[in-house]
Structures are given as C-alpha cells and as structure tokens.
Amino acid sequence: MEVYLAQPRGFCAGVVRAIEIVERALEKYGPPVYVRHEIVHNKYVVESLKNKGAIFVEDLSEVPPMAVTVFSAHGVARSVEEEAAARNLPVLNATCPLVTKVHNQGKRYMSKGRVLILIGHAGHPEVEGTMGQVPGPVLLVQNVEDVKALTLPEDAPAAYITQTTLSVDDTKDIIAALKARFTDIQGPDIRDICYATQNRQSAVRDLSKLVDLILVVGAANSSNSNRLREIGTEAGVASYLIADGSKLNPEWLKGVKTVGITAGASAPEVLVDDVIEALRRIGPVTVSVLPGREENIEFRLPAELAAS
C-alpha cells in the first residue's frame, strides 16, 4: 500500500504557541495551571497537558483565587477577561494572534458605525469569543441562505469578518452573496484569511488527485479537521476523520492501493505516525511526503514566559 502524506499538515503556529504557553507556565509557576476550555481541539494534546498538571475548566468560577489561568487558542469574550481581572487572576492569553487580528478588525469596523457580520459556525468557541469581543451586536451568517435572510436595508453600511478556521474557498460564496446584497460593505483583505487553514485545504485537494482513500487525523470537535474530511469527500474520494490509529477500520481499505493522510491544525504528528503504524499492521506500507507549501511562521510568546 502506498501512503502519501499531505504537506503541510498538523500543527499550525497558533497551536504550537498555545501549547507552549501551557507547558512553560507549568515549568515557571509549577502545577496546577488552569486552562479555560480545551487549549486546542485535540484530546491527545489535552490529556498530555493534564498529565503534566494542567486543569481544564469551562468556567472561570472553577478557578481558585490567584491561580495561574490560560485562555485557549480560540479566544474569549470581553466578559471573561473582565471577570478574570475582577478576581485578580494572573492570566496568560494563548489566543491565536490571527484570531486577535479578527477581533481588532471587528472593533475597527464597528467604531466606524458599520453593522458587523461574522461568517462562522454557531457555537464554536472562536465565534463566541469574537462576538463577545466586539462592543455591539454581531450578525452571524453560516451560509448563503443566512445572508438572504438578513433584514438590513441594502444601503446599510456593513462589514464582515470571518472565523479563522474557514478558508478563502469556504467563505467565497458567502462573501459574494454579501457583496451582492449590500451596496456599502467592507471586509478584510483575502490575505488576512488564516494561512494554515488555506494551506491544509489546498494540500488535501492535491492529495485527492492521487489516492483512493483519505484519512484525516483530528478530533471530532475540530472545525478545521472536519472541513478537511469534507473537502476529500467533495473531491470524490472516500474520506474519514479519525482520532488515532485505534480508530482505523480495515473495511475502509478493501480494494484500496493508495492512502492519503493529513492532519488538522490541532493534531500532533505523533498521531499521524500512529495511523501509519495501524496501516502497517494490516499490510506492507511505503510512505512518501507530497511537495507542498513550507510554513515558517512563528508567533511570539507572552513577555512573562518568553525568557523563562
């Protein structure tokens, strides 16, 4: 069986930074360190940090007084920041810098008197954080139908921002519908879309031209991992989202000669290796990495951890 690995795959710079913030906080301050929400959407990563002394909570009320607290890569609402400040909690903010950039864009558009429209998935922690960062009402649209259902006048000054785990391809139809609907609408430059999301989706499209089956390594609650699986399916290739090698179903491999593997932005490479080992237990495997875009982006750590 030939196995092709997508390039790039797995961790993006924002995820690397978020995990490193928790690990360095544990080294500097000692356990426990409290993390609001899963630091990234991957059970393996969360469990490994738990084993080092991180405690994950969904609400700040679960954090004891003066305990070191980390905000997840997805970002939080202003109300969460204010609650932490009111309780004098020492906070390390692991929000992805690209998510923070979206927050700032939204605030800027709103300060200019524009109605703000957010393209994203309802209930996703990044969407909830973004809607809670902007000082005013935000209209959420998930698809073209939602755009049609908006009750704003067509000449209303409007602006849009997008969830970072959506790519240019994911949002282009919605953006086109917004521009067709409103005569005065602004939005961020296409270059502001998360590079990691776009690169991983492009790599899956390349992968789909070569293989009989695609395996996406990632968590069921990971938005970008689910989208990678959908892209493989849309390309006409049987595609499955699996957490690790233990979830590999041998039935999927019947008649399959070539397998493509990629991983969501929050899935570590060790899980990709685990899937390859699971394939090897079924039969001989050769592995090759496809050429793809190299990612050299690094995000700075918070100042209080940078020198530790």
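This is a short walk through one structure, from its cavities to its cysteines and a few buried residues.

Hi everyone, and thanks for coming. One thing up front: what you have in front of you is a predicted model.

Let's start with the empty space inside. How many cavities of 30 Å³ or more are there? The count is two. The largest cavity has a volume of about 300 Å³. Its lining is made of 26 residues, and the closest to the centre are Cys-12, Val-15, Thr-164, Thr-165 and Asn-224. If you sort the lining by residue type, you get 13 nonpolar, 11 polar and two charged residues.

Which helices supply at least two residues each to that lining? They are H1 (13-29), H4 (97-111), H8 (195-208) and H9 (223-234). Of the contributors, H8 gives the most, with four residues.

Now let's look at H1 by itself. For its 17 residues, at 1.5 Å a residue, we should expect a span of 24 Å, and the end C-alpha atoms are indeed 24 Å apart, so the two agree. A good part of this helix is buried: the list runs Ala-13, Gly-14, Val-15, Arg-17, Ala-18, Ile-19, Ile-21, Val-22, Arg-24, Ala-25 and Leu-26. Notice that the buried set includes two arginines, Arg-17 and Arg-24. Just past the end of H1 comes Gly-30, with a positive phi of about 80°.

On to the cysteines. How many disulfides does the structure hold? Zero. As a reminder, a disulfide is a covalent bond between the sulfur atoms of two cysteines. Why is Cys-12 not in one? The closest cysteine sulfur belongs to Cys-194 and sits 6.0 Å away, which is too far for a bond, given a cut-off of 2.5 Å. Cys-96 is also in no disulfide, and for that residue the nearest cysteine sulfur is the one in Cys-12, at 6.1 Å. Both side chains are shielded: Cys-12 is buried at 12% relative accessible area, and Cys-96 counts as buried at 11%.

Cys-96 brings us to one of its contacts, Ala-73. You'll find Ala-73 in the loop between strand E4 (69-71) and helix H3 (78-86). Is Ala-73 buried or exposed? Its relative accessible area is 10%, under the 20% cut-off, so Ala-73 is buried. Leaving out residues up to four places away in sequence, Ala-73 touches Ala-18, Ile-39, Val-40, Ala-94, Thr-95, Cys-96 and Val-99. There is also a link back to H1 in space: Ala-73 and Arg-17 are 56 residues apart in sequence, yet their C-alpha atoms are 8.5 Å apart.

Another loop residue for you is His-124, placed between strand E6 (115-119) and helix H5 (125-133). His-124 is buried, with 10% relative accessible area. Beyond its sequence neighbours up to four places away, His-124 touches two other histidines, His-41 and His-74, as well as Gln-163, Thr-165 and Ser-223. You've met Thr-165 already, among the residues closest to the centre of the largest cavity.

Last stop: Leu-92, in strand E5 (residues 91-93). Leu-92 is buried, at 3% relative accessible area. Setting aside neighbours within four places in sequence, its contacts include Ile-21 and Ala-25, plus Val-68, Thr-69, Val-70 and Phe-71, and further along the chain Pro-302, Glu-304 and Leu-305. Ile-21 and Ala-25 are on the list of buried H1 residues, too.

That's my tour. Thanks for listening, everyone!

How values were computed:
Residues are numbered from 1 along each chain as its sequence is written. This is a predicted model: local features need pLDDT of at least 70, side-chain atom pairs count only at pLDDT 80 or more; totals for chains, interfaces and linings use all residues. Side-chain values use heavy atoms; hydrogens and water are left out. On a 1 Å grid over the protein atoms alone, a cavity is a set of points where a 1.4 Å probe fits but cannot get out, and a pocket is an open set with protein on both sides within 12 Å along at least five of seven lines; lining residues have an atom within 4 Å of a point. Grid points are joined across faces, edges and corners, and a volume is the space filled by probe spheres set on the points. Ala, Val, Leu, Ile, Met, Phe, Trp, Tyr, Cys and Pro count as nonpolar, Asp, Glu, Lys and Arg as charged, and the others, Gly among them, as polar. Buried means under 20% relative accessible area, exposed over 50%, partly exposed in between (1.4 Å probe, protein chains only). Contact means heavy atoms within 4.5 Å. The expected span of a helix is 1.5 Å times one less than its number of residues.
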